[in-house]
Amino acid sequence: MQPLSIVLRILSGYPMTALRRPPWRLAPFLLWIAAAALCACNDPAKESATKALGDVAFLGALVDKDTGEIERGLPEGAKRLGTLVSAGADPAKDVPAVRRALLRVRRDVMDLAIAKSTFFALAGVDGIAIRNDLEEDVMAGQNLFAIFPALTRAKEGYVTATGAFPNGSGKSGPDEDWVAATPVRREDGTPGALFVTGWTYRYFARHLQESLKDRLVEEAKRSASDWKMPVFYVALFDRSGVYSAPLTPQVDEAALVAQNLVAKTAGGTAQGTVTITDRAFGWAATRMPRWAPDTGIVVLRSEL
């Protein structure tokens, strides 16, 4: 593939909001893509790595959108939950009412209705979970402050944290959780409870992978050439490990672990190549600072 066509293909799926940035902010990225394309034209692995750069740019914009829904929706939902703590009421004394309120808020606040959260919950100001909105509640009684120490600051305002709920491993292996919390305030402004939400890394990686698949299918429809869907996987990473979407081969996840992605993305977006079971792959990774300082997304890709 010619270098120019590589650049155009990448930019065809790059978020238009990013392309409207001032030229001096976009230029370094475009120069990087162009330089990488020149090196990639005769090396399939490097070509895959170059295309993965466009993939992580697309997914990074999606992460910002999904995170923004929580940043806006959680404080708005907390306002609507104020009746649970008004006049000194203790929500722990009427747990069924807490679940009804959580379900109502998730339905009525648009950002929360479309959020990717797997749960919404109410916790006491001591960090003890009271009830979540799921039919079967395994969170009740857990000390969220012990699991996610950063949530202790949620009594003051909106915060996010990463960690792992007990028994969080699944068929795909160990998992990590991202959570956000904000105070539910009484009439005098003091916190009476905490409104909490979140999702697991592997669940969110699957969401990103499906979104990338949709983008690639649309790209194929626009292409006049005999385009084939690449082999690709999406994963999240932090200092605790790499967490790929379900059904990702373990050998591929292990190869990503070996890349030391936290270190390689310390200075910004990174890319590279790797051979896995005699197949050449390219990868690209970038940080997600709105989640936590050392978290990020990585795309592993190989052209057919």
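These are my notebook entries on a predicted model.

**Entry 1: the open sheet**

I began with the strands. Five of them form an open sheet, and I read the order as S7-S6-S10-S9-S8. The pairing in this sheet is antiparallel. Which strands stand at the edges? They are S7, residues 241-244, and S8, residues 270-276. Each has a single partner strand, so one side of each is left without a neighbour in the sheet. I also looked up the turn between neighbouring strands of this sheet: it is 30° on average, with direction ignored.

Next I went to one edge. Strand S6 covers residues 231-238, and four bridges join it to S7. The two strands run antiparallel. I picked out one facing pair here: Leu236 stands opposite Tyr243 in S7.

Then I asked what lies across S6 and S7. It is helix H8, residues 201-222, which also lies across strand S10, residues 296-302. H8 runs at about 145° to S6.

**Entry 2: strands S3 and S4**

I turned to another strand pair. Strand S3 spans residues 159-163, and I found it mostly covered: four of its five residues are buried. Five bridges join S3 to strand S4, residues 177-185, and the two run antiparallel. Thr162 stands opposite Trp178 in S4.

I stayed in S4 for Thr182. Is Thr182 buried or exposed? Its relative accessible area is 5%, so it is buried. I set aside neighbours within four places in sequence and listed its contacts. They are Leu74, Pro75, Ala78, Ala154, Gly157, Tyr158, Ala193, Leu194 and Phe195.

**Entry 3: the nonpolar cores**

I looked up where nonpolar residues gather. In soluble globular proteins, nonpolar side chains tend to be buried together. Here the largest nonpolar core has 46 residues. Those with the most contacts inside it are Leu59, Leu81, Phe195, Leu208, Leu236 and Trp291. Several elements each supply at least two residues of this core, among them helix H5 (95-108), strand S1 (119-123) and strand S5 (191-200). H4, S4, H8, S6 and S10 also each supply at least two. Which element gives the largest share? It is H4, with 10 residues.

I followed Leu81 more closely. Leaving aside neighbours within four places in sequence, it is in contact with Ala101, Leu102, Val105, Leu122, Val184 and Phe195. There is also a second, separate core of 18 residues. It includes Ala121, Ala129, Ala181 and Leu194.

**Entry 4: two buried acidic residues**

I checked Asp66, which lies in helix H4, residues 44-80. Its relative accessibility is 0%, so it counts as buried. What does the side chain of Asp66 join in a polar contact? The partner is the side chain of Lys116, at 3.1 Å. Asp66 also touches Trp199, Phe204 and His207, not counting residues up to four places away in sequence.

Glu219 came next, in helix H8. At 7% relative accessibility, Glu219 counts as buried, because the cut-off is under 20%. I then compared Glu219 with Met229, 10 residues apart along the chain. Their C-alpha atoms are separated by 9.7 Å.

**Entry 5: helix H9 and two loops**

Helix H9 covers residues 250-257. In H9, I found Asp252, Glu253, Ala255 and Leu256 buried. Why do they sit on the same side of H9? They cover an arc of only 155° around the axis, which puts them there.

Past H9 I stopped at Asn260, in the loop between H9 and helix H10, residues 261-264. Its phi is near 55°, a positive value in a residue other than glycine. Asn260 is partly exposed, with a relative accessible area of 47%.

My last stop was Thr277, in the loop between S8 and strand S9, residues 279-287. Thr277 is not a glycine, yet it has a positive phi of about 45°. Is Thr277 buried or exposed? Its relative accessible area is 64%, so Thr277 is exposed.

Methods
Residues numbered from 1 in each chain as written. Predicted model: local features only at pLDDT ≥ 70, side-chain atom pairs only at ≥ 80, totals over all residues. Heavy atoms only, no water. Buried < 20%, exposed > 50% of the residue type's maximum accessible area, 1.4 Å probe, protein only. Pairing = 2+ DSSP bridges. Arc of directions from axis to C-beta. Axes fitted to C-alpha atoms, helices over the stretch in contact; angles between N-to-C directions. Contact = heavy atoms within 4.5 Å. Polar contact = N/O pair within 3.5 Å; in protein donor to acceptor, adjacent residues only side chain to side chain. Core = buried A, V, L, I, M, F, W, Y, C linked by side-chain atoms within 4.5 Å.
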